[in-house]
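Reader: I am new to this structure and would like a close look at a single part of it. Please start from one residue and work outward.

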Amino acid sequence: MRSTRNTYRHALLGSLLASAVLLAACGKSGTDSPASAGSAATPAATPAPAPAANAKPPGSAEQQATLKLNAYTEAYNKLIGTFGLPETYESYLKDNIPKQTPTDSISISDGWIENALDLFKKGRALPSADQETLDKSADQLIGALDKLVVQLKALDIYYESKAYKNDNLARGKSEDASVRANFEASTAAMASFNDVLGQEQKKRGAETLAKLKASGDLLGYNTKLALGQGEELINLFNTASDMKDAAKFTQGDTMVAELEKTLATQRELYAAAKAKEPRPDSGHESMASSLVSLVGAYRDMKQSKQVKDYNDMVKEYNRAVENANGID
């Protein structure tokens, strides 16, 4: 099994996003997210597998679709990652411009949002045969991010040059509402894009599983299957209230049982493959180990009902994604 080596990312969403959305790999949203109960981690989006060596030639519709999906996934993971949109939004709100005075030392940041925006534009420019819905959603996100980045970069100069001391902070305060509106519009567009991206990833994931099984690569099949089952467990908890919902944990227990069954099969297949040449990639074992830790974090969360344990689940899932991406 081979997956692209796109880097994974996880973002921390603070209480500032209580009225916004929680973003996840398969797409979900809610006004009462785990973020409203504390700092909740965001699962990375999983890239689509790269075409195999015997896949259709470059330029085929299949390869174009894979390249575009992976480009968008990289851009999305950059956007939710370190210094991305959620973190930069949180930083801006903490500055609390309406409460500042010209005698204060004020600075804002546009983070790495522009870097993510550039990646989205590169992905959008790639040809594709059948991804019109994904492209339309990307267009909306690109448009929102463009407005936000332009405004933040201009205000960064305003604050860094301390021009706010000359105008008694008039510009900063007058633009505060529009900055917040642009952050909110970008966050909403990101959520919408995430929904579409997740649907496409789910479709491609199902196709990949079918191909792995048909080819007889049962180790690769069970590794991919376990990763998908781990993602479903993460995505079961959409809101802070879900962590106190007994029915959710009943569902979660069923999911965990299936995941542990898959991991047991995967470990047996990996052990058998290690006895032969060529030896299997150790990423299979590392990925499985991360998912075992994810299950442990789930059981901690079931007992504690704390967001920190959900964060641990997400971190272990992201490690599993990273390990899966490195499998040859």
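In which helix is the place of Asp 309? Please describe that part closely, and then how the rest of the chain is laid out.

Author: The model is a predicted one. Asp 309 has its place in helix H9, which covers residues 307-325. With a relative accessibility of 5%, Asp 309 counts as buried, because the limit for buried is under 20% relative accessible area. The side chain of Asp 309 makes a polar contact of 2.4 Å with the side chain of Ser 304. Ser 304 also appears among the residues that Asp 309 touches once neighbours within four places in sequence are left aside; the others are Ala 297, Asp 300 and Met 301.

Those partners lead back to helix H8, which spans 283-304. Between H8 and H9 there is a loop, and Lys 305 is found in it. Lys 305 has a positive phi, near 60 degrees, although this residue is not a glycine. Its relative accessibility is 29%, so Lys 305 counts as partly exposed, whereas Asp 309 counts as buried at 5%.

Further along H9 is Glu 322. Glu 322 has a relative accessible area of 42% and is therefore partly exposed. The C-alpha atom of Glu 322 is separated by 8.0 Å from that of Met 287, although their positions lie 35 residues apart along the chain.

On the other side of H8 comes another loop, which links helix H7 (246-274) to H8 and holds Pro 278. The peptide bond that joins Glu 277 and Pro 278 is cis, with omega at about -5 degrees.

The wider layout gives these parts their setting. The protein chain has nine helices and two strands. In sequence order, the pattern is β-β-α-α-α-α-α-α-α-α-α. The protein chain has 328 residues, and 50% of them count as buried. Of the contacts between residues at least 6 apart in sequence, 77% join residues at least 24 apart. The accessible surface comes to about 14700 Å², and carbon and sulfur atoms account for 51% of that area.

Next come two helices from earlier in the chain. Helix H4, residues 132-160, has 29 residues. From its first C-alpha to its last, H4 reaches 41 Å, close to the 42 Å expected at 1.5 Å a residue. After H4 comes Lys 162, with a positive phi near 60 degrees.

Helix H5 runs over residues 170-215 and has 46 residues. The distance from the first C-alpha of H5 to the last is 66 Å, close to an expected 68 Å at 1.5 Å a residue. H5 nevertheless bends by about 40 degrees at Asp 176. Just after H5, Gly 216 has a positive phi of about 90 degrees.

Arg 171 belongs to H5. The relative accessible area of Arg 171 is 31%, so this residue is partly exposed. Leaving aside neighbours within four places in sequence, Arg 171 is in contact with Ala 154, Leu 155 and Tyr 158. Between Arg 171 and Tyr 158 the C-alpha distance is 8.7 Å, and the two are 13 residues apart in sequence.

The nonpolar cores remain. In the largest one there are 38 residues, and those with the most contacts inside it are Leu 79, Ile 113, Phe 120, Leu 141, Tyr 159, Phe 183 and Phe 193. Helix H1 (61-80), H2, H3, H4 and H5 each supply at least two residues of this core. H4 gives the most, with twelve residues. Phe 193 touches Phe 120 and Leu 141, and also Tyr 72, Tyr 76, Leu 134, Ser 137 and Ala 138, when residues up to four places away in sequence are not counted. A second, separate core has 27 residues, including Ala 226, Met 243, Leu 259 and Val 295.

One more loop residue can be added. Asn 96 is found in the loop between helix H2 (85-95) and helix H3 (113-125). Asn 96 is not a glycine, yet its phi is positive, at about 50 degrees. Its relative accessible area of 31% means that Asn 96 is partly exposed.

Methods
Residues are numbered from 1 along each chain as its sequence is written. This is a predicted model: local features need pLDDT of at least 70, side-chain atom pairs count only at pLDDT 80 or more; totals for chains, interfaces and linings use all residues. Side-chain values use heavy atoms; hydrogens and water are left out. Helices (H or I, at least four residues) and strands (E, at least two) are DSSP runs, numbered from the N terminus. The expected span of a helix is 1.5 Å times one less than its number of residues. The bend at a residue is the angle between axes fitted to the seven residues ending there and the seven starting there. Buried means under 20% relative accessible area, exposed over 50%, partly exposed in between (1.4 Å probe, protein chains only). A polar contact is a pair of N or O atoms within 3.5 Å; within protein, one must be able to donate a hydrogen and the other to accept it, and residues adjacent in sequence count only if both atoms are side-chain atoms. Contact means heavy atoms within 4.5 Å. A nonpolar core is a set of buried Ala, Val, Leu, Ile, Met, Phe, Trp, Tyr and Cys residues joined through side-chain atoms within 4.5 Å. Accessible areas come from the Shrake-Rupley method with a 1.4 Å probe; for residues, only the protein chains shown count as cover.
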